[in-house]
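Thanks for coming, everyone. I would like to walk you through how the strands are arranged, so please keep the structure open while I talk.

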Amino acid sequence: MPLKIAFQMDPIGPIDISADSTFRIAEEAQARGHELFYYTPDKLAYQEGRVTARGWPLTVRRVKGDHFTLGDEVEVDLSNFDVVWLRQDPPFDMGYITTTHILDRIHPKTLVVNDPFWVRNYPEKLLVLDFPDLTPPTTIARDIATLKAFKKRHEDIILKPLYGNGGAGVFRLDANDRNLNSLHELFTGINREPLIAQKFLPDVSKGDKRVILVDGEPVGAINRVPAKGETRSNMHVGGRPEKVELTERDLEICARIGPLLREKGQVFVGIDVIGGWLTEINVTSPTGIQELELFDGTNVAEKIWEAIEAKRK
């Protein structure tokens, strides 16, 4: 049966339709006969017991520069929808967290993907702490003495904001670097959040693998290779996607984390693996669908909708 689908996402106008995962999910939903509705996070509201959003009926098409049509703006009660997609990009700030609290009030009668309670409790760089044997040495701290001690132990480290995304604010501090104090001052002057430090993995020069899981099962991977002279492999900052196969180690990692993701309603997840080490579990707004579909022909969006349609039944 056709489903009523709402997408809570960033503005649809500027997206790159050849790479954006939300667009691909919407495109597949439309092809399957589902009805689409779109709104931005600032249009979500709680009103006297009702969870509402002001937005627009949506039609999408794969035409650059003319990739969507909106109907008339209308206020809807999201409890009347079958599925709501939580798809705005981080940063994972209090605005983001508040949307998960509001959407909690309609889930699971309305299926919110991914489950907002566990998105809130399992942000990208924290869920990996449940699997310390799969991850590189990691410290989360705001205290400069703790960060200095970690750097002294491991010498070559990566330092980044705990709730950042897209490679923003990621620094490599090697054994000869003297910038830890300055970076600490910079970050702590911006907000009150801790930083995360991980031992640098030299294998990142060969790529940072993005493995996509659907309802806890791996469906494929792409390799993101850093640009020359760059530590970060994120495609937002010039990383190059390449075709890659899942290794036995990748499958071992997925077998460990998959049951937990499925149990907690994380339907679409992208994990990051460098040199066989798990570095992030992305549940807020993972990407990589279109690149994977391009490289190996797997219809990932179809698999996602098959999982969701089965849950709605």
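In strand β4 (residues 50-60), L58 is the residue that stands opposite L36. Before going on, I should say that this is a predicted model, in which local features need pLDDT of at least 70 and side-chain atom pairs count only at pLDDT 80 or more, while totals for chains, interfaces and linings use all residues. Residues are numbered from 1 along each chain as its sequence is written, and side-chain values use heavy atoms, with hydrogens and water left out.

Helices (H or I, at least four residues) and strands (E, at least two) are DSSP runs, numbered from the N terminus, and two strands pair if DSSP finds at least two bridges between them. Strand β2 (residues 35-39) pairs with β4 in the antiparallel sense over three bridges, whereas β1 (residues 4-8) runs parallel to β2 and is joined to it by five bridges. Within that parallel pair, Q8 stands opposite Y39 of β2.

Let me turn to the other sheet. This one is open, with four strands in the order β9-β12-β10-β11 and antiparallel pairing. Strands β9 (138-141) and β11 (171-173) each have a single partner strand, so one side of each is left without a neighbour in the sheet. Inside the sheet, β10 (residues 157-161) and β12 (residues 195-199) run antiparallel and are joined by five bridges, and I158 stands opposite Q198 in β12.
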